[in-house]
Amino acid sequence: MTMLTVKPTSRPRHHLLMPTRGTAVLVAVLLFSACAQSDNTDDLSVDTNAKEANVEAVSESTAQTQASQTGILKNVSATVYKDANCSCCKEWIGHAQTHGLSSTVEHPANLSLIKDRHSVPDELRSCHTAVTTDGYVFEGHVPAKYVAEFLQNPPEQAIGLAVPGMPVGSPGMEYQDQFMPYQIMQINKDGTNQVYAEVKSMAQQL
């Protein structure tokens, strides 16, 4: 009986370099991922640039707003009544003078009597009282912006504005960029008061 020897069919060596279906899919995924990553990087770069441009635009807008507000109280004169040792009162006076207010300062022995004389309600009182030459009263840390706005068109029934207490972040009460929203109250001749404005951010004071 003759034995036949069957030799295995030889394969070309280059089959080792031929990618399988699974390998091809993996390569395609990797290439897509690399492309997507490159695109995302570009998007992040564009997004970062856009954010930086937006910050610069906001800063420039704020600077322009501050510049336009300078001098809004240039035709206003007032006497500010305060305690001699009140530092935040000094800060508010500096804020008002920066915007053009011409002021004199007095340190009465009894500040409450001044507030009584100018009809400032007990619940609206603060650390200092500014009285203009026209007789309008601005109690506490009222932003110059709102003082000017009020004086441009005083409500018939009003004698002035007040910011009760000493809200952190209001003009003269700045502290480490902290801010507490507050209300500016309108003081009326009949002894009543009402909300004149709600200040919800530091930027709103400009």
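Strand E6 (residues 182-188) runs antiparallel to strand E7 (residues 193-199), and six bridges join the two. Strands are said to pair if DSSP finds at least two bridges between them. Helices (H or I, at least four residues) and strands (E, at least two) are DSSP runs, numbered from the N terminus. One bridge links glutamine 186 to glutamine 194 in E7. The two strands form a hairpin with four residues between them, and glycine 191 in the turn has a positive phi of about 95°.

This is a predicted model, in which local features need pLDDT of at least 70 and side-chain atom pairs count only at pLDDT 80 or more, while totals for chains, interfaces and linings use all residues. Residues are numbered from 1 along each chain as its sequence is written, and side-chain values use heavy atoms, with hydrogens and water left out.

Glutamine 183 lies in strand E6. Is glutamine 183 exposed, partly exposed or buried? Glutamine 183 counts as partly exposed because its relative accessibility is 36%; buried means under 20% relative accessible area, exposed over 50%, and partly exposed in between (1.4 Å probe, protein chains only). Leaving aside neighbours within four places in sequence, glutamine 183 is in contact with Ala162, Val163, Pro164, Val195, Ala197 and Glu198, where contact means heavy atoms within 4.5 Å. The C-alpha atoms of glutamine 183 and alanine 162 are separated by 8.6 Å, although these residues are 21 apart along the chain.

The loop between strand E5 (158-163) and E6 holds glutamine 176, and aspartate 177 is found in the loop between E5 and E6 as well. Neither glutamine 176 nor aspartate 177 is a glycine, yet both have a positive phi. Most residues other than glycine have a negative phi. The table gives the values.

| Residue | Phi | Relative accessible area | State |
|---|---|---|---|
| Glutamine 176 | about 50° | 61% | exposed |
| Aspartate 177 | about 60° | 73% | exposed |

Helix H4 (residues 144-152) has Ala144, Tyr146, Val147, Ala148 and Phe150 buried. Which elements do the buried residues of H4 pack against? They pack against H2, strand E4 (137-140), E5, E6 and E7.

Val147 of H4 also helps to line the largest cavity, together with Leu73, Val76, Ala78, Trp92, Ala96, Leu101, Ala130, Thr132 and Phe138. A cavity is a set of points, on a 1 Å grid over the protein atoms alone, where a 1.4 Å probe fits but cannot get out; lining residues have an atom within 4 Å of a point. The count comes to one cavity of 30 Å³ or more, and the largest cavity has a volume of about 50 Å³. Grid points are joined across faces, edges and corners, and the volume is the space filled by probe spheres set on the points. Helix H2 (87-98) and strand E3 (128-132) each supply at least two residues of this lining. By class, the lining has nine nonpolar, one polar and no charged residues. Here Ala, Val, Leu, Ile, Met, Phe, Trp, Tyr, Cys and Pro count as nonpolar, Asp, Glu, Lys and Arg as charged, and the others, Gly among them, as polar.

The protein chain as a whole has four helices and seven strands, in the order α-β-α-β-α-β-β-α-β-β-β along the sequence. Of its 206 residues, 32% count as buried.

Terms used
On a 1 Å grid over the protein atoms alone, a cavity is a set of points where a 1.4 Å probe fits but cannot get out, and a pocket is an open set with protein on both sides within 12 Å along at least five of seven lines; lining residues have an atom within 4 Å of a point.
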